[in-house]
Amino acid sequence: IFRAFPPGYNLSKPVLDQYLTLLSDDPMEFVGKSGDSGGGMITDIHRALASLARATVESVVQERFGSRSARIFRLLFRKRHLEQKQVEDFAMVPAKEAKEMMYRMLSENYISLQEIPKTPDHAPSRTFYLYTVNLLPTARMILQRCYKTVVNLIDRREYETRENKRLLEKSQRIEAIMASMQATGAEEQQLQEIEEMITAPEQQQLETLKHNVNMLDSSENQVDETIFILESYINTTRIEKEVPSKR
């Protein structure tokens, strides 16, 4: 790694060793040592993407259900399987509220319920009901919703543009005229007269349109980022499962 640095890169080998040690000792385990002697370093891309996907899903849960529900979601992900009473105790949420939050997340498939019977007759009184989080199916579900969201954002942007088509065309014509006049050295008063062809209400309408379109663009960029993270995680998970079977 040290030899791969470009000439003149201001980083000594001892400092590099310290950085690599910090990375390899990190609990997230994105970077680890390889080889029998541990002299090499490897990057676990799948683990890094899984961590990003988990943070993304948790963010969606918090935005959709609130911070307490996100706390329960993180608790279930960390503990794997918990009964209703255990969730209430560990999350420090009143029983009624915890039950309502978990039912909402369960009904929308953000968490799942696993039944473990003590006896063959599956009697409810002799059955464990364990709540859990399965990250991969949840990521797939959110990804499908993201695709629909992007389509809706594109449709909305096209609607906004279509509804203001004449005003946009008028604004573009005036901008073209002003650019042509500026190129030929027109006076400031002439330019101002052309600029005033857009009335104050029309200018306000243009500003509103610009704001709305910018908001839609920003939202689409955020959803695209979520799509990239979830798609990358899902694809690397599939590869991770395929590689052992080929061996």
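**A tour of charged side chains**

Start by selecting K85: this residue is exposed, with a relative accessible area of 52%. You are looking at a predicted model. Now add D89. Its side chain meets that of K85 in a salt bridge, 3.0 Å from N to O. Both residues sit in helix 4 (residues 84-91), four residues apart, about one turn of the helix. D89 is partly exposed, at 45% relative accessible area.

Next, select R157 and D217. They form a salt bridge, with the closest N and O atoms 2.9 Å apart. This pair links distant parts of the chain: R157 belongs to helix 6 (residues 135-163) and D217 to helix 9 (residues 200-246), 60 residues apart. D217 counts as partly exposed, at 29% relative accessibility.

Move on to R64, E108 and R145. Salt bridges that share partners join these three into one network. Zoom in on R64 and E108, whose side chains meet at 2.6 Å, N to O. R64 lies in helix 2 (residues 45-65), while E108 lies in the loop between helix 5 (95-107) and strand 3 (112-117), so the salt bridge ties together parts 44 residues apart in sequence. How buried or exposed are the two ends? R64 is partly exposed at 44% relative accessibility, whereas E108 is buried at 19%.

Last stop: select E188, E193, E195 and E196. Together they form a negative surface patch. Pick out E195, which lies in helix 8 (residues 188-195). E195 is partly exposed, at 47% relative accessibility.

To continue on your own, look for the other salt bridges; the structure holds nine in total.

Key. Residues numbered from 1 in each chain as written. Predicted model: local features only at pLDDT ≥ 70, side-chain atom pairs only at ≥ 80, totals over all residues. Heavy atoms only, no water. Patch = residues over 30% accessible without salt bridge, like charges linked within 9 Å, V, L, I, M, F, W, Y side chains within 5 Å. Areas by Shrake-Rupley, 256 points an atom, 1.4 Å probe, with all protein chains shown as cover. Salt bridge = Lys/Arg side-chain N within 4 Å of Asp/Glu carboxyl O. Lys, Arg positive; Asp, Glu negative; His and termini not counted. Charge placed at Lys NZ, Arg CZ, Asp CG, Glu CD. Helix = DSSP H or I, 4+ residues; strand = E, 2+ residues; numbered from the N terminus. Buried < 20%, exposed > 50% of the residue type's maximum accessible area, 1.4 Å probe, protein only.
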